[in-house]
Structures are given as C-alpha cells and as structure tokens.
Amino acid sequence: MALTCVRCGREAPLVDGRLCAECYLDVYGLGRGPDSIELIVCPRCGSFRYGGRWVEAAGEGYREALALLFQARFRPAEHVAYYRVEEVRIREDEALVHVIGKLRGDTVERAVTYAVRFTVKHRVCPSCARKASGAPLAIVQVRGYGGRLDEEEEKLLEAAIPAALRGVEDHVIALEKVKEGYDVKTTDHAAARLLASRLKSLLAATVKESFKLITQRRNGTRVYRLTVSVRLPFFSEGSIVEYQGSLARIEEISSGRVVVRKLGSTRRRALTVEDSWRLLKKPSIEEDYNVIVTSISPNWIQIQTLEPSYNYLELRVEEIVKEGEVREGKYCKLLAYNGRYYLLC
Ligand SMILES: [Zn+2]
Ligand SMILES: [Zn+2]
C-alpha cells in the first residue's frame with residue numbers, strides 16, 4: 001500500500017507504517033552491530049576464541065573470526081525478515097562488515113555496511129601450548145583421603161570440576177583419569193594453583209606443592225614443573241564426624257569453610273579447612289541400629305532394634321543425644337559412640 005513516508009514525503013510502500021524502505025535503512029539500518037570487537041587469536045595456528053571455545057580458522061587473516069563475532073552480537077531491526085553477513089573487509093583497525101538483508105514487505109534485498117573497530121589479542125591456544133612445551137608446566141594430582149580416589153570421592157570431585165575449572169579451561173592441556181585419581185595438566189603454574197585452591201574451597205581438600213627442575217635453557221633460565229597434590233578429606237556434606245569428643249554432622253562445605261554441628265545441638269561452627277583437618281576425626285561407631293521408638297516416658301525412652309536382631313532397649317533420657325523429633329512409632333537410627341547413645345530421628 002503506497003502511503004506518504006513521514007521522513008522524505010515520497011509516496012512509497014511503508015516498511016513500518018511510517019517510513020519508506022530507504023528512510024528505514026537510513027534510520028535503523030538492518031539492525032545494530034557491536035561498536036567494537038575484541039579478537040583473541042592464537043599467534044601460532046590462527047585459531048580464535050568464539051563462544052567460549054577455540055575455533056580453527058578456515059582461511060587467512062581475521063575475516064572469518066570477525067564475521068562470526070559480528071554476527072553473534074548483531075541485533076536485527078524489528079522489520080528485518082532475514083539477513084546475512086556477506087563479506088568482511090579490513091581497513092587498518094576497522095572491519096567493514098557488509099550485511100545483506102530484506103525488509104518485511106520490501107521487494108529487493110538491501111545492503112548495509114557496518115564499520116566496526118577491532119583489536120587483536122594474542123594468546124597461545126591449548127593445543128599449540130601442548131606442542132610447544134612438549135611437557136606440561138604444572139600437574140594437579142587429585143587423590144582420595146586414603147590414597148586412591150574411591151567411588152564416593154570420585155562423584156564429589158566430578159561434580160566440583162566444572163566450577164573449579166571455570167575460566168582456566170584454556171590452560172588445561174589434559175584432564176586424565178589415572179589409577180589413583182585425577183591428573184590435571186596445565187600450561188602454567190598459576191592455573192594449577194587456582195584449580196587447587198578452588199578444590200580446597202569447594203571440597204575442603206588439602207593442597208601441597210612441590211617443584212622439579214625439568215630443563216635449563218641456554219640463557220640460564222631454569223624451568224620447573226609444579227606438582228600440586230590435592231587430597232580430599234574423609235568427610236563431605238552430610239557426613240557424621242567426631243568433633244570435640246561428640247558426634248557431629250557436616251552441614252555445609254563452601255567458600256573454604258566447613259560448617260559443623262554437634263548432633264543434638266543447633267549451634268553451627270564454621271571451621272577453616274586447616275582446622276577441619278585438625279579437629280574432625282573419623283568416628284568408629286561402636287553400634288549402629290535401625291530402631292523404632294516404642295514408648296517414651298519422662299525418664300526413659302524404650303526402643304526396639306530392627307533387623308538383624310529384635311531387642312528391646314530402655315535408655316535413660318540423660319544418656320541419649322536426640323536429633324530430630326522423637327515420638328512413639330517413629331523409625332530412627334541409634335548410634336553408640338564414646339559411651340553415649342545418639343538417637344537420630
Ligand atoms: Zn522516505
Ligand atoms: Zn594455536
């Protein structure tokens with residue numbers, strides 16, 4: 001429908017009810033592109049960072065990378081039916097991005113050229129780093145409390161790894177499952193230390209460093225390989241531990257703090273990782289029964305043990321530490337530890 005364009009006054013089909021196609025393009029273009037683009041390029045192989053990953057460049061120069069990064073941040077105008085990045089030309093530190101698209105209701109494709117400043121940062125990609133060094137400069141060895149990582153520990157570790165690796169993925173050469181646990185090989189010392197400190201913070205692991213001279217360059221520089229030993233604790237969230245002679249539960253491990261609460265009490269204590277290793281002990285629980293509470297009186301609680309043997313026990317209230325709501329008919333757990341009974345309901 002031909003109407004009058006409010007901008008140029010011509011009679012022409014209107015794109016958005018107000019503007020003709022030419023005026024629409026003058027005002028909105030085909031959309032908005034980024035003001036500037038930062039390219040991160042591997043100086044050895046030309047791979048570039050795109051969407052959190054390294055992408056191998058198909059051709060020469062930065063044109064492909066610029067086209068992809070431009071397209072990812074391009075927001076088409078409301079009345080654009082489709083568009084594509086047709087060509088990128090480079091003029092010094094500026095990319096001229098040629099975009100072709102069609103406006104809704106328009107009869108022909110239109111072209112708009114966007115001038116975008118770009119900067120290039122060089123960073124060696126992990127695969128080139130691996131080739132260049134031949135050997136990783138640091139290894140994080142994650143092991144279990146008893147040496148070899150057990151099944152439980154492995155699950156905890158695998159759940160923590162994505163958060164622990166965030167932002168250092170580019171420095172990781174290999175994440176290898178070995179017989180004793182996990183080895184993470186990195187291109188530099190800082191990445192290994194960051195990874196280890198995050199595992200300490202997330203899982204209350206201990207961290208120990210050692211160095212080994214791997215080569216001495218001609219100019220006299222010595223190159224050391226850093227090995228960071230990360231050992232998981234015997235406990236994790238929900239574990240029952242011994243704390244100051246009583247049974248306690250690990251309520252939470254986060255931000256390098258281990259929150260512990262004695263059973264039967266509501267008081268929570270936040271320990272540093274170092275203190276948690278020093279103060280928390282692995283309890284060897286003397287008796288551990290599934291029980292049902294059969295009757296409660298002011299001074300006594302009577303319970304019956306369930307499988308494998310069915311026995312009645314009468315326990316004096318003052319020798320029991322109660323956790324949760326104790327009432328008749330409830331299924332609970334009875335632990336005997338250090339001369340005291342713990343009734344967990
Ligand atoms: Zn117009
Ligand atoms: Zn590379």
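This passage describes two metal sites and one helix pair in a predicted model.

The zinc ion designated ligand 1 is coordinated by the SG atoms of Cys5, Cys8, Cys20 and Cys23, at 2.3 Å. Along the sequence, these donor residues follow the spacing C-x2-C-x11-C-x2-C. Because the angles subtended by the 4 donor atoms around ligand 1 run from 104 to 115°, the arrangement is tetrahedral.

The zinc ion designated ligand 2 is likewise held by cysteine sulfurs, with Cys42 (SG), Cys45 (SG), Cys125 (SG) and Cys128 (SG) coordinating the ion at 2.3 Å. For this ion the spacing of the donor residues in sequence is C-x2-C-x79-C-x2-C. The 4 donor atoms subtend angles of 105 to 112° around ligand 2, and the arrangement is therefore tetrahedral. For reference, the ideal angle for four tetrahedral donors at a metal is 109.5 degrees.

Beyond the metal sites, helix α4, which spans residues 151-165, and helix α5, which spans residues 189-203, have axes that come within 10 Å and cross at roughly 130°, so that α4 is oblique to α5. The crossing of these two helices is right-handed. On the side of α4, the contact involves Leu156, Leu157, Ala160, Ala163, Ala164 and Leu165, which meet Leu195, Arg198, Leu199, Leu202 and Leu203 of α5. Grouped by character, the residues of this contact comprise 10 nonpolar and 1 charged, with no polar residue among them.

How values were computed. Residues are numbered from 1 along each chain as its sequence is written. Chains are lettered from A and ligands numbered from 1 in the order in which they are written. This is a predicted model: local features need pLDDT of at least 70, side-chain atom pairs count only at pLDDT 80 or more; totals for chains, interfaces and linings use all residues. Side-chain values use heavy atoms; hydrogens and water are left out. Axes are lines fitted to C-alpha atoms, for helices over the stretch in contact, and angles run from 0 to 180 degrees between N-to-C directions. Helices (H or I, at least four residues) and strands (E, at least two) are DSSP runs, numbered from the N terminus. Angles under 35 degrees count as roughly parallel, over 145 as roughly antiparallel, 65 to 115 as roughly perpendicular and the rest as oblique. A crossing is left-handed if the near helix is turned anticlockwise from the far one by less than a right angle, and right-handed if clockwise. Contact means heavy atoms within 4.5 Å. Ala, Val, Leu, Ile, Met, Phe, Trp, Tyr, Cys and Pro count as nonpolar, Asp, Glu, Lys and Arg as charged, and the others, Gly among them, as polar. Donors are N, O and S atoms within 2.8 Å of the metal (3.2 Å for Na, K and Ca); water is not among the atoms, so sites may look incomplete. Four donors count as tetrahedral if all angles lie between 85 and 135 degrees; four count as square planar and six as octahedral if opposite donors are over 155 degrees apart and all others between 65 and 115; anything else is irregular.
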